[in-house]
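User: I've got a model open and keep running into labels I'd like to pin down. Can you walk me through them?

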Amino acid sequence: MKICVVGWYLYEPFYLQLKKVHQNYPVMVVSHQKDKSYYGLPHVEIPNIGLEFGAYDYYLKNLWDDGSDEIGRASCRERV
């Protein structure tokens with residue numbers, strides 16, 4: 001399982017917990033915010049287009065390997 005986090009406005013304790021989780025479940029932060037510390041987590045900055053939906057869309061089209069389970073993936077497929 002891999003985790004995509006869209007949130008440049010989240011607080012330090014949240015990112016520090018994600019850093020612990022990252023050891024077992026790879027975390028990728030997709031952000032519109034440049035020059036922000038993500039406490040050593042991998043991240044990518046993208047243009048501010050489409051709010052959160054634009055960031056998730058970017059992750060699925062550019063970063064997801066199309067073979068890993070993602071949080072929420074099953075519920076999205078059931079609706080399609």
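Analyst: Sure, starting with exposure: buried means under 20% relative accessible area, exposed means over 50%, and partly exposed is in between (1.4 Å probe, protein chains only). This is a predicted model, where local features need pLDDT of at least 70 and side-chain atom pairs count only at pLDDT 80 or more, while totals for chains, interfaces and linings use all residues. Residues are numbered from 1 along each chain as its sequence is written, and side-chain values use heavy atoms, with hydrogens and water left out.

User: Why is M1 called partly exposed?

Analyst: M1 has 45% relative accessibility, so it counts as partly exposed. M1 sits in the segment before β1; strands here are DSSP runs of E, at least two residues, and helices are runs of H or I, at least four, numbered from the N terminus.

User: What makes β1 and β2 a pair?

Analyst: Two strands pair if DSSP finds at least two bridges between them. β1 (residues 3–6) and β2 (residues 27–31) have 4 bridges in the parallel sense, so they pass. V30 in β2 is the bridge partner of V6.

User: Which way do the residues of β1 point?

Analyst: I3 and V5 point one way, C4 and V6 the other, and all are buried. In a regular strand, side chains alternate between the two faces of the sheet.

User: What makes a nonpolar core, and which residues have the most contacts inside the largest one?

Analyst: A core is a set of buried Ala, Val, Leu, Ile, Met, Phe, Trp, Tyr and Cys residues joined through side-chain atoms within 4.5 Å. The largest has 17 residues, and V27, V29, V30 and L41 have the most contacts inside it. β1 gives the most to this core, with 4 residues.
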